[in-house]
Amino acid sequence: MAERSTAAVDVADNSGDEPLAAQAAQATADGVDTQNGQAADGPMPEKDGERSSAAPAAAPELHSGHKLARRYRLEECVTRVDGFSSWRAMDEKLRRAVGVHLLPADHPRARSVLAAARSSALLGDPRFVQVLDAVEENDLVYVVHEWLPDATELTAILAAGPLEPHEAYQLVHQVSQAMTAAHREGLAHLRLTPSAILRTSTGQYRIRGLAVNAALRGITSETPQRADTEAIGALLYAALTQRWPYENDAYGLTGLPKGVGLIAPDQVRAGVHRGLGELAMRALANDGATASRQEPACTTPEELAKAVAAMPRIRPPEPAFTAPPEYQHTTYQQGSYGRPGPAGVSTAQNLAVAPPPPPLQSRTGRALKWGVAALLIAALGLGSWQLADTLLRGNQGSTGSTPTQNDSDDTPPKPDPGKPLQIKNVSEFTPHGEATKPKDVPKTVDGNDSTAWITPQYLTFANFGNLDERADGSGIIVDLGKVQNVSGIDIDLNVPGQTIEVRAAAPEASSPRSLSDFSQAITKLERTERKLQGTIETPVRTRFVLIHITELPSDGAGGYRGGINEIKVLGPDS
């Protein structure tokens, strides 16, 4: 199972009649709301599906400190309900927090939970909280998933108030696109509630519990796309109005008045963005509501994503600047500090201030003016004389003989890096694991700058996700076919910001694979731009050259990625 970085999966949502702030504060980092130690089911409508009833099964009786697979140490039980329990745990191998769902192997939903977790893990979309492991072991079934300590639930955000139009636009834009990608792979959520949405510190929205939450609850639907689309509409409605678009209170939000049905967001709260309000109604029209301007209802996440893309882009609000306070004179600046004033008279406001004399009108000022003028005249004269002398020397030099070698620049010439050497073969540098994209490696020496070998996306850490199999980074090994003199390199990179060094193996090396096999440095380890060029004064004798990448730049999509377009090894032997 692919291992990624840290957060949680929402399995039990919050509801009830408590005040908004109180319920939002109860939401835990695992997306589970607890009431007296038990998880509370949110009243998410399940009109298009059904929830299978499972025979009561006791949740596994485990305690803090218990280890799963000699790796995952349980630390805190978040909830225990419906025969399964959810925990915050520590991955002692990678030293990171993770979330774990546990249920007995004989639980009626154990098979479906395992299948859902494994299907979700195969999606590999960074917009979803990733499933890291799904295992059946020792009469237990457990699912390990990311834990995002710096993320905030949408439940807690809405408890503070409705979202700004730009933020609500980003919410529906990112969530609808993510669910479109999931449904293309045959995966549905069916529990897309405010506690299933996380907002990271960078402003990215991530969805947790894809397929897994519904499997844990035994929820199915004959029209999963319609169910998820209506859920996104409910999220947008809540983001605009801070109200839940159904009669029952849920997720720390007050429901609509009973008996009036679904009403437009701008009738619930003044100042709602008109386009976003109509979009929420079109998504919620799946349940029989009518859009305010008679546009067709959105029945799939893809239709909703296209409707969002067709809207005029909503710009973020301008930052507010506070004007500095006006300058105020003080008694000290007015020259009355320490002087007694008349009784009943405010010295700071009523004392007349004598105006200062005009600048440079005194005897000293006039002398200073004439002195500065004399200095300027002298400087102009000296500059003119030097300019004339320079021009005369130049004319004399142009009529003389050709300069000799001694008159030329004494700067030593740079060493010639030589010409490109013939490359016999290239391979991916993976000392602790298997190659990720071996078919793309030859693109680094095909003479075409528009093709490239690009790494997979790694999450959380720039050093290849801090994975054990990438402990020494990655890169490309160049085989010159025979031992030659190498005097320089010329590399075109796919993106700037990669941390790279170039090293060479010893002349006697026959098949170097580990980093220690490349003992000769050609360039030092440093962060580079799109072009990496290097020349050494004394060529090194080698057959194998390693372009070694240790850290990757951000790809702008919540991860890290790098790559190489073209490699040229230079030397005097060609």
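## Pockets, cores and a covered strand

The largest pocket holds about 560 Å³ of space. Keep in mind as you look around that this is a predicted model. The pocket's lining is made up of 22 residues, and those nearest its centre are Thr200, Thr202, Gln204, Gly558 and Gly559. Sorted by class, that lining comes out as 13 polar, six nonpolar and three charged residues.

Now for the closed spaces. Rolling a probe the size of a water molecule over the atoms shows where empty space is left. How many cavities of 30 Å³ or more does the structure hold? There are two of them. The second largest cavity has a volume of about 40 Å³. Its lining consists of Ser120, Leu123, Gly124, Asp125, Phe128, Val129, Gln130 and Leu210. By class, four of these lining residues are nonpolar, three are polar and one is charged.

On to the nonpolar cores. The largest one has 64 residues, and Met179, Leu192 and Ile197 are the members that touch the most others. Which helix gives the most to this core? That would be α6, covering residues 224–241, which puts in nine residues. Another core, of 28 residues, lies apart from the largest one, and Leu421, Phe464, Ile522 and Val540 are among its members.

Strand β21 is worth a click too. It spans residues 499–504, and six of its six residues are buried. In a regular strand the side chains alternate between the two faces of the sheet. In β21, Thr499, Glu501 and Arg503 point one way, while Ile500, Val502 and Ala504 point the other way, and all are buried. So a charged pair of names, Glu501 and Arg503, is counted as buried here, because each has under 20% relative accessible area.

What does β21 pair with? One partner is β22 (residues 520–527), which runs antiparallel to β21 and is joined to it by five bridges. Within that pairing, Ala504 sits opposite Gln520 of β22. Another partner is β23 (residues 531–551), also antiparallel, with six bridges to β21. There, Val502 has Ile547 as its bridge partner.

Finally, a few loop residues. His107 and two residues with positive phi, Arg95 and Thr460, are set side by side below.

| Residue | Loop | Relative accessible area |
|---|---|---|
| His107 | between β7 (96–104) and α2 (110–123) | 4%, buried |
| Arg95 | between β6 (84–91) and β7 | 76%, exposed |
| Thr460 | between β19 (458–459) and β20 (474–493) | 34%, partly exposed |

His107 counts as buried because its relative accessible area is 4%, and buried means under 20%. Its side chain has a polar partner as well: the side chain of His107 reaches the backbone oxygen of Asp82 at 3.0 Å.

Arg95 is not a glycine, yet its phi is positive, at about 55 degrees. With a relative accessible area of 76%, Arg95 is exposed, since the cut-off for that label is over 50%. Thr460 has a positive phi as well, of about 75 degrees, and is likewise not a glycine. Is Thr460 buried, exposed or partly exposed? At 34% relative accessible area, Thr460 is partly exposed.

Key
Residues are numbered from 1 along each chain as its sequence is written. This is a predicted model: local features need pLDDT of at least 70, side-chain atom pairs count only at pLDDT 80 or more; totals for chains, interfaces and linings use all residues. Side-chain values use heavy atoms; hydrogens and water are left out. On a 1 Å grid over the protein atoms alone, a cavity is a set of points where a 1.4 Å probe fits but cannot get out, and a pocket is an open set with protein on both sides within 12 Å along at least five of seven lines; lining residues have an atom within 4 Å of a point. Grid points are joined across faces, edges and corners, and a volume is the space filled by probe spheres set on the points. Ala, Val, Leu, Ile, Met, Phe, Trp, Tyr, Cys and Pro count as nonpolar, Asp, Glu, Lys and Arg as charged, and the others, Gly among them, as polar. A nonpolar core is a set of buried Ala, Val, Leu, Ile, Met, Phe, Trp, Tyr and Cys residues joined through side-chain atoms within 4.5 Å. Buried means under 20% relative accessible area, exposed over 50%, partly exposed in between (1.4 Å probe, protein chains only). Helices (H or I, at least four residues) and strands (E, at least two) are DSSP runs, numbered from the N terminus. A polar contact is a pair of N or O atoms within 3.5 Å; within protein, one must be able to donate a hydrogen and the other to accept it, and residues adjacent in sequence count only if both atoms are side-chain atoms. Two strands pair if DSSP finds at least two bridges between them.
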